[in-house]
Amino acid sequence: MKNALKLLWMYLTLLICGLFLITTILMLYTSVLNFVAGQENALFNFTNFIESFFTSAIIILVLVVPFIVYYRIRHVGGAIQLVFFVVLTLITWFAFLPLTINLENAILEKKQISKSEKVLSSDYFRKTDGEIYYFLDDFNLDTPQEEVDTLVIDTDEEGEFEIQKIQPSQDFVLVKEAVPYNDILIKQTFNPAEVSTKVDLFSIVEQARVAWNKGFTFWLGFFSLGLIFACLYAFSNLFDWRLLNTCLIIFASAAIYCVNTFYFYEPVKNAMDLFMQDKSFFVFLNKYVDNSLLCLINVVFSLIFTIIGIIRLCFRKKARGM
Amino acid sequence: MKKALGVLSVFLGIGFIICFLIGICLPLKEAVPDSSEFVYKLCTSVQLFLFFLPIMLITGFIVSFSIQFGHNAEGSEQRFSVSMFNRYKNVMIVSLVCVLILTFANEFIGTVVSRKKSKIVNQPRIISEYINVGNNLLENGFYKRAIQYANAALVLDEKSEEARNLRDKANFELNKESSGNIQQRLAAAENLSLEIKKVSVDSTQIAKSYECLQFAKEAFDSQSWFNAHYYAELGIKLCTSKDPNYEELRMLSSQAWNNITKEKNLNKTEAQQIFQKKYEGYLALVQDDDLRAYYLFRNLYKSSVEMQKDADVIFYLDVAANRLLEKYFFIDETFELKSFETSNDVCFSYDYIDGSQDIVYFKGLTTVKETGDAIQYLRDLYVISFTKENKLYRTMYVPYAKVKPVSVEYIDYSSKNMLGIDNSMTYVPYIMLKSIGRDFAEQQSSPLYTYSDGTTSDMPEFMILPLEFEKFTLLEMTNEDPKNLPIMKLYKLVSVVDDYGYSQSVYSQTLLNRLLYPLFMLIVFIALASFAWNNKIGSKQYFKFSWVAGFPFFILASGFLYNVVMYLFKIMNYVMVSFAGGITSLIIAIVVYVVMLIVVSLYFLARKDNED
């Protein structure tokens, strides 16, 4: 019982500390995404804070379950602890998460969040493959009608330079290649892996919002992610060495998060939709659940994890009995 | 601690063997000479090993301390126990070793290995280009330069037969030429010694008008009218208004000139025709038409073997060439330079005091190593000038330009003001834009200025950039990724780049990333020690071989965490750069990371054994 109560205490601590930490990191991350070379870059603004707070709240609520599993590795309890864990998981997914999304909807409806203007500063060299751009005036996406005089240098062997009038647009090569950053100069310093720039690591947050706003069955479908995270409990004492259990939990949590994110990478999503479109089972499921294939994968793996846990428990009991 | 280091070594050893095997088995992506195939593959293995090194060290560190702490957990019933302080000492030593390895690998081994790989791939190409250029020079009679190229090829590959052949051939031609000269010299030994004596006189060594007077008199007495006039005129230039030699120098100058004119007007025998050409060349020199003078004397020099010994021709050709080389350079200096370029696609901008700006771009840069990179050649140089209203004013293009540092002392006050050269500068880049043929007057390459109204011009033939020469050489590195620049160059660039079209924050962040990586990794290792303590093996538990099966997951989890942590590290650095900017951000970052180190150290010291 003591360990079970400790679990509750740890749950609350994790939520509060995690919320603070993730909000801070996310706010800094969002600021960096909005940074533009040569401009005053604000580290804090209220709009950014509100957005970061709700996104962080959803992330920490999604991830709190594997964190509790990690805590459980070092603080093993009995059946009561398991019951507490199940209750906490259900509360998280069917009370706290929906409440957070409702609150976010309410606040964001009241407050018209204005996006910060997207400007690429003049007088800096920005390089892409084969070309160097030098804006003579600020390149402002909020004023697409104002063409910007730009020196464009072609770095091919026979290439020359020309002064082009460029119309600010999201399709402009420097803007497109900078995604998710505002400025390609900032992106180049972080040198992110190709995949992390194409896959939206926060797509899970968006999925949560969409699922809750669509209806309960869709939320149940999204809960498959919560279910698979919760089933990691089965791995919490799989090995005798805690370190291996910890690593397994970290690896599995990261893998689950990545699979559930990577699924929404456009080419993957299109391939999956194509696969489902002529399967009557999925066509039926898709009426009530979004991304039913992903849900199915999550549920199947949840079952596998649970079975592994039960088998391990039986073996351990048998070993103790001997 | 020895145990921990032992386990860590085993991890690294196994890691290296696996990377080595993968590197050896991977197919070659580039054309590599057979003899260097193994070294190339070894380098690939090392690169692979370096890529996984942080992950292997993290995994090995946690595993080794988890086992060590588990088997020696006694004496830590209370927080901040003496045993924990002892463990902290060991953890700190091992962490420092790991940090040292990582820093050394990142900053040194990685660069060396990638250079070695590119050398293996590029060396055969460079050697073959050296030999081609050398053979070309040999065919055109530039034997000494051909030997230089052969020697350069032999430095890269001392066994190269082609390079040896080239050197031998060039040496043979050079010997043949000098032995031919010796025979001719023997025939006119007496005259030659006199001529050489004359030629050896260098005007730059003459500091006083009196010495000029002596030389002029000597030349006058030996009826060497050109020299007499040259030294007399030089002496006049060096004279002060009250110089007693002034009148005598003027008299000598005019008498020598009269004699030159008299000889010129005589009937045209062959000797007099040569004299006529010398006269024209000398006249061109006097009239400051150095280009015409140079070609007249050059043609005379090349016209016969006798002319190549003629003291007047040698001397005035030298004078004309020296004067020319202050303004122009020879086209053949840029011959085949493209193969030896050290930088490509360099661009930077600078503002003038009146708000207008120039953008400089060149496709290739070749430095002359023997001059300490002071002399450089720029290929396809463009300078694009904008008015303060950001309207195009003019563009300049030249296929090749030569750069050398020039002391600001030689630049007049108004030019300094116009260019914005302040007194703090010592040397500025002087860019020669016009190149000329060594032998043919019609061979010329001039800058093409195109103005916004469509008019063109080929003047001015040089350019002075209003920035310190050292800054110019630094800016030439902006085409490289700041992550790969030498750390001291990066440090200098941080305070420079903002005025020249590059973001200071980008360079500062990279500097912080590289300078503070060791400190940050130390924090990570101390934090990992706490993690290892929290997940230590049971005190009576022995390591099971089957657990090794879980290590791949462990390594993947370590890789995931390392990448996340490094990303956060970069974000923190960027935030600090944005907050403070420039070098100040470095100080702030050091303070922040030291505080973090103290916090993680306290967390480790607060660990106790009966936490469960």
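Me: What radius of gyration does chain B have, and what would a compact globule of 612 residues have?

Reply: Good place to start, and keep in mind that this is a predicted model. The general idea is to set the value for the chain beside the value from a rule for globules. A compact globule of 612 residues would come out near 25 Å, but chain B has 35 Å. The box tells a similar story in another form: along the principal axes, the C-alpha atoms of chain B fill roughly 120 × 60 × 50 Å.

Me: And what box do the C-alpha atoms of chain A fill?

Reply: Taken along the principal axes, that box is roughly 85 × 45 × 40 Å. Burial can be read chain by chain as well. In chain A, 34% of the 322 residues are buried, and in chain B buried residues make up 33% of 612.

Me: What share of the contacts in each chain joins residues 24 or more positions apart?

Reply: Here one looks at contacts with a separation of 6 or more. Residues 24 or more positions apart account for 65% of them in chain A, and the figure for chain B is 65%. As for secondary structure, chain A has twelve helices and six strands, while chain B comes to 19 helices and eleven strands.

Me: Let me turn to confidence. What mean pLDDT does chain B have?

Reply: The mean is 84, and 93% of the residues of chain B reach 70 or more. A mean can hide a weak stretch, though, and here is one to look at: over residues 182-206 of chain B the pLDDT is below 50. Beyond near neighbours in sequence, that stretch has 16 contacts in the model. For the complex, the predictor gives an ipTM of 0.85 and a pTM of 0.79.

Me: How many residues of each chain are in contact across the interface?

Reply: A general remark before the count: the size of an interface is often given as the accessible area lost when the parts come together. Here we can count residues instead, and 39 residues of chain B are in contact with 39 residues of chain A. On the chain B side, the elements that each supply at least two residues are helix 2 (37-71), strand 2 (343-351), strand 3 (357-367), strand 4 (376-386), helix 16 (504-515) and helix 18 (551-580). The largest share, 13 residues, comes from helix 18 of chain B.

Me: How do the residues on that side of chain B divide by class?

Reply: The side of chain B that touches chain A has 23 nonpolar, 13 polar and three charged residues.

Me: Now for the strands. In which sense do strand 3 and strand 4 of chain B run, and how many bridges join them?

Reply: In general, strands of a sheet pair through backbone hydrogen bonds, either parallel or antiparallel. Strands 3 and 4 of chain B run antiparallel and are joined by ten bridges. To find the register, look at Q357(B), which stands opposite F386(B) in strand 4. Strand 4 of chain B is also joined by ten bridges to strand 5 (residues 392-407), again antiparallel. There, R379(B) stands opposite Y400(B) in strand 5. Strands 4 and 5 of chain B form a hairpin with five residues between them, and N390(B) in the turn has a positive phi of about 65°.

Me: Which strands stand at the edges of the open sheet with the order 1-7-8 in chain B?

Reply: This sheet of three strands has mixed pairing. Strand 1 (329-330) and strand 8 (444-445) of chain B each have a single partner strand, so one side of each is left without a neighbour in the sheet. Strand 1 pairs with strand 7 (residues 435-436) of chain B in the parallel sense over two bridges. The bridge partner of F330(B) in strand 7 is I436(B).

Me: Back to chain A. Which domains does the domain assignment give?

Reply: Domain 1 (2-114 + 202-321) and domain 2 (119-181) are assigned in chain A. Their centres, taken over C-alpha atoms, are separated by 40 Å. Five residues of domain 1 are in contact with seven residues of domain 2 in chain A. The domain 1 side of that contact divides into three nonpolar, two polar and no charged residues.

Me: Where is R316(A) placed, and how exposed does R316(A) count?

Reply: R316(A) is in helix 12 (residues 292-321) of chain A. R316(A) counts as partly exposed because 13 C-beta neighbours lie inside 10 Å. The C-alpha atoms of R316(A) and L238(A) are separated by 9.6 Å, with these positions 78 residues apart along the chain.

Definitions and conventions
Residues numbered from 1 in each chain as written. Chains lettered and ligands numbered in written order. Predicted model: local features only at pLDDT ≥ 70, side-chain atom pairs only at ≥ 80, totals over all residues. Contact = placed C-beta atoms within 7 Å. Helix = DSSP H or I, 4+ residues; strand = E, 2+ residues; numbered from the N terminus. Nonpolar A, V, L, I, M, F, W, Y, C, P; charged D, E, K, R; others polar. Pairing = 2+ DSSP bridges. pLDDT = per-residue confidence, 0-100. Domains from an automatic or database assignment. Rg over C-alpha atoms; globule rule 2.2 N^0.38 Å. Buried ≥ 20, exposed ≤ 12 C-beta atoms within 10 Å, placed from the backbone.
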